[in-house]
Structure formats: structure tokens, C-alpha cells
Amino acid sequence: MKSNWDVIVVGGGPAGSMAAWNSAKDGASVLMLEKDREIGAPVRCGEGVGEVGLSNIVKIDKRWIKAKIDKMNIISPDNTSVKVNFKEKEHGYILDRRIFDNDLALLASQAGVTVKTKSYVHGLTFSNDGFVNGVKANVLGKDVKLNSKIVIGADGVESRIGRFAGLKTAFNMCDIGSCVQAVVSGIDIDPNTMQFYVGDKYSPGGYLWIFPKGKDIANIGLGILGDRCNSGRPKDFLDKFLSKHYPNSSILNYTAGGVPLAKTLDKIVTDGLVLVGDAARTVNPLSGGGVVSGMNNGRLAGIRVAEAIKENNFSKEFLKKYSDNWHKADGKNHERLYKIKNFILSLTDDDLNHIAKKVSAIPFEKRSVLKVFKIVVWRKPSLILDVIKAF
Ligand SMILES: Cc1cc2nc3c(=O)[nH]c(=O)nc-3n(C[C@H](O)[C@H](O)[C@H](O)COP(=O)(O)OP(=O)(O)OC[C@H]3O[C@@H](n4cnc5c(N)ncnc54)[C@H](O)[C@@H]3O)c2cc1C
């Protein structure tokens, strides 16, 4: 493998593939390194995405889709069930991320990106003037130093690349969801409805999700907020739920992982480096969904990196336009969603029951996601505008 590249992308998730793909579009030489031996596996995701957001970024392939979602059902702690039909623009999919992630990397490679798996990046290299100018990696068992003009850190929630480059990436415990999920089969569910169980009883500071992948199989998982983990282990909450609701089901696998529920990092670029996706904290802080927003963010980063290569300018001042474009595209909205999330965290189970009853009183055909969230923030009218803009 050659040692000199225009761009090296660390991490082959959706954000990394989109960043790599867009960086390569104008002919830059791009290398994407993934530590695992297969792109897309293991899957650590509920796999739920919005249709509009995804289709704005890539042409959707039906092989990626396990289920189409057009409704949600929210269940409050006292078991009040609130069903809401999604408007067309709110429709979603449950993906098969093994195929999906793999195809995104394939699209990148078809645009000229060289993809290497079993390639772990354990350090960065710097020029005399402090610019990041390459990586130290173990590629297929061999230690190598690889040079680049720009490194893209797409190494997910546990990112070390940003820290290596001196960026502040530390989390507050109140801004991370500790998640566990099982793929559960042998159950009877509506394949077009997402279900959310809310309240401390199910998942302190988070929610429990049932994302169908067919009529008898679903991703069932939950996230507990980092600073509420003393309430119990996420897996114990999940096992309790599964044994009560689906005692005769099969569990095909368990997975666990962290989800950043923060605002995007203040600085996501430095000289010779940009961060994207979970590494830059681009997850929607209210829902925890980070696939589409990470892809959009990776796309914007790739576009600016391609310009930087063309202009031969790898400075943070030049790269910052990516950060500004991200703020305009989604980052600002995430700040609104972050405020709404923090308000919801102040609600008790009694508040949630009360809200569920209020929404239930609205005739089914008149309910909408916007109306639900307007009722959620009724005690804090200053958030109404944020809700209207966010939804
Ligand atoms: C339990 C759970 C459920 C979730 N459910 C949803 C959901 O339903 N919908 C949704 O939109 N989002 C969901 N998310 C969040 C979503 O999975 C992430 O936001 C998304 O995967 C981020 O994409 P990414 O490319 O930034 O990072 P990742 O997909 O995490 O990819 C990072 C890649 O970098 C690789 N890597 C890391 N370090 C190195 C290194 N040093 N060298 C080389 N490679 C490295 C990793 O192996 C990984 O492949 C969920 C997350 C969890 C944990």
C-alpha cells in the first residue's frame, strides 16, 4: 500500500464513508481505514432513520430496508398508549445496517476511495508547524506510518482522534446515553409502528424502543442517561421488560454502546484535521438518532476537504467553513433539540402520565408529532418556538 495520501479517513461507519466519498469526488486520493474486519458489523444501532433525510443524501436501495414506518405509539409509565400517525415527511425506515454500511463504503470505493479493514489507527503524526499530517496505524497486522494532507476522524462515539489532535472531546455524564439492545424474534408486532416506552420505570432519563424489522422480529433496546446509571444496569431493565412483555421470544443477539446526546463539539476542525459523525457529536440529542445526521455531516466535511485539497490549504481557518455549514444545516436545530431534551429530563413519571392523557384526548386523526411536543413543553412556553422550528 502506498504511504502518501491526500486524505485519510479513520473509521468506516456512515459518516466516514460519506466523508470519504465526497472528498474523493474531485479526484483526491483517499484512504479509509476501519478497525473491524467487516464494514457494518457488529451492528450497534436501532437502525431507525427518517426517509426524507436519508433520501436527500443517497439514492435509497430497497435491500437496505427491513421495515417502513408510518406510525408511532408512545406508552407512558401508567400504560396510557398514545398512537400518532406520521405525516408523509415523517415516515421512516428500519434499516439493515450490515448491508447499508457496507454499501456506503462500496459507493465510496466506486468513487475512487481505497478501503482497508482490520486497520486500527492508534496515533497521529504532526508537521513541525503543528499540522496533523498523517496517522500511525496497524494495517492487517503490520505497523505503518501513513502521510496525508488531511485526516478525517470518523471513529465514532469512543473517538480518540479528536483528542490526539488536541480537540476537547470529553463528555458530561448527562450528555451520554448508555444503551443496550436485543434483536428479538417470535413476537407479534405491527411492522409499521415504532413503539416508545417512556419514564423511569422503563429507562431513567431515556426511553425504551421497539423498532420492527418485520411482523415477528424487532430491535428492542433502551438508553439510560449517564448520570442516572445508579438506578440500575441497562441490561437489567431490558431483561425485565422482555420477560414481562415477550416471555416466549427468542433473543438473537445483544449489543451495547454509548450514544452522545450532546450539542456538536465547539471545535470540530483543526490544522490538517476534521471530525465527523459521532466523533464530532452530531447525533440528534433528543432522539439519539445519528445515522442520517452523521451522513449529512460527513458529506459536508468531504465537500470542504475536497476544496481544501484543490486549494492546497489545510488550515483550520479554511476547514472551518465545514463547521459553519454544519451549524446552518443541522447543528443549530440540534441546539434546539438539546434544550427540549433537557426540559423533558425534568419531567416526572406523573408528568408523563398527565401528558399522555392530554394527548389521548385529541382525536386520533388530529394528532401529530408537533402537537405531542407542544403539549410536552406546555409548562415551559419559552420552548414552544423551539418545538415549532425543530418539528
Ligand atoms: C444501541 C444503539 C442504538 C442506536 N440506534 C440508532 C437508531 O435507531 N437510529 C440512528 O440514526 N442512530 C442510532 N444510534 C446511533 C448511531 O449508531 C450512530 O450515531 C452512527 O452509527 C454514527 O455513525 P458514525 O459513522 O459517526 O460512527 P460509527 O457508525 O460508530 O462508525 C465508527 C467506525 O469507526 C471505527 N473505528 C473506531 N476507532 C477506530 C480506529 N482507531 N481506527 C480505525 N477504525 C476505528 C469503528 O469500528 C466504526 O466502524 C444508535 C446507537 C446505539 C449505540
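How many of the nine residues of strand β15 are buried? Select residues 217–225 in this predicted model. Nine of the nine are buried, so β15 is largely enclosed by the rest of the structure.

**Stop 1: strand β15 and its neighbours**

Show the side chains of β15. Ile217, Asn219, Gly221, Gly223 and Leu225 point one way, while Ala218, Ile220, Leu222 and Ile224 point the other way. Both sets are buried.

Now add residues 176–185, which form strand β12. β12 and β15 pair in the antiparallel sense, with nine bridges between them. To find the register, pick valine 184, whose bridge partner in β15 is alanine 218.

Next add residues 207–212, strand β14. β14 is joined to β15 by five bridges, and these two strands also run antiparallel. Here tryptophan 209 is the residue to pick, and glycine 221 of β15 stands opposite. β14 and β15 form a hairpin with four residues between the strands, and in this hairpin glycine 214 takes a positive phi near 155°.

**Stop 2: the whole sheet**

Zoom out to the seven strands of this open sheet, in the order β6-β5-β13-β14-β15-β12-β16. The pairing is mixed. β6 (81–85) and β16 stand at the edges, and each has a single partner strand, so one side of each is left without a neighbour in the sheet. On average, neighbouring strands of this sheet are turned by 15° against each other, direction ignored.

Go to the β6 edge and select residues 71–75, which are strand β5. β5 runs antiparallel to β6, with five bridges joining the two. Asparagine 73 stands opposite lysine 83 of β6.

Follow the chain into the loop between β5 and β6 to reach asparagine 79. Is asparagine 79 buried or exposed? Asparagine 79 is exposed, with 10 other C-beta atoms within 10 Å. Asparagine 79 is not a glycine, yet has a positive phi of about 70°. Most residues other than glycine have a negative phi.

**Stop 3: a buried loop residue**

Select tyrosine 246, in the loop between α5 (234–245) and β16. Tyrosine 246 has 20 other C-beta atoms within 10 Å and is buried. Then pick aspartate 188 and draw a distance from C-alpha to C-alpha: tyrosine 246 and aspartate 188 are 9.0 Å apart in space but 58 residues apart in sequence.

**Stop 4: the shell around the ligand**

Which of the 35 residues around the ligand come nearest? They are Gly11, Gly13, Gly46, Gly277 and Gly290. The elements giving two or more residues to this shell are α1 (14–24), β3 (48–50), β9 (119–126), β12, β16 (250–260) and α6 (291–311). α1 gives the most, with three residues.

Colour the shell by residue class: 13 residues are nonpolar, 15 are polar and seven are charged. Then colour by domain. The shell draws at least three residues from domain 1 (4–45 + 97–172 + 262–333) and at least three from domain 2 (70–88 + 173–260).

**Stop 5: helix α6 and the residue after it**

Stay with α6, one of the elements around the ligand. Of its 21 residues, 17 are buried, and α6 is mostly covered. Its end C-alpha atoms are 30 Å apart, which agrees with the 30 Å that 21 residues should span at 1.5 Å a residue.

Just after α6 comes asparagine 312, in the loop between α6 and α7 (316–344). Although not a glycine, asparagine 312 has a positive phi of about 55°. Asparagine 312 is exposed, with 8 other C-beta atoms within 10 Å.

**Stop 6: strand β1 and a cis peptide bond**

Select residues 4–10, strand β1, where six of the seven residues are buried. β1 pairs with strand β11 (residues 142–153) in the parallel sense over six bridges, and valine 7 stands opposite isoleucine 150 of β11. β1 also runs parallel to β2, with four bridges joining them. In this pair, isoleucine 8 stands opposite leucine 31.

From β2 (30–33), follow the loop towards β3 and stop at proline 42. The peptide bond from alanine 41 to proline 42 is cis, with omega near -5°. Most peptide bonds are trans.

Note on methods:
Residues are numbered from 1 along each chain as its sequence is written. This is a predicted model: local features need pLDDT of at least 70, side-chain atom pairs count only at pLDDT 80 or more; totals for chains, interfaces and linings use all residues. A residue is buried if 20 or more other C-beta atoms lie within 10 Å of its own, exposed if 12 or fewer, and partly exposed in between; C-beta atoms are placed from the backbone. Two strands pair if DSSP finds at least two bridges between them. A residue is near a molecule or strand if its C-beta atom, placed from the backbone, lies within 6 Å of it. Ala, Val, Leu, Ile, Met, Phe, Trp, Tyr, Cys and Pro count as nonpolar, Asp, Glu, Lys and Arg as charged, and the others, Gly among them, as polar. Domain bounds come from an automatic or database domain assignment. The expected span of a helix is 1.5 Å times one less than its number of residues. Axes are lines fitted to C-alpha atoms, for helices over the stretch in contact, and angles run from 0 to 180 degrees between N-to-C directions.
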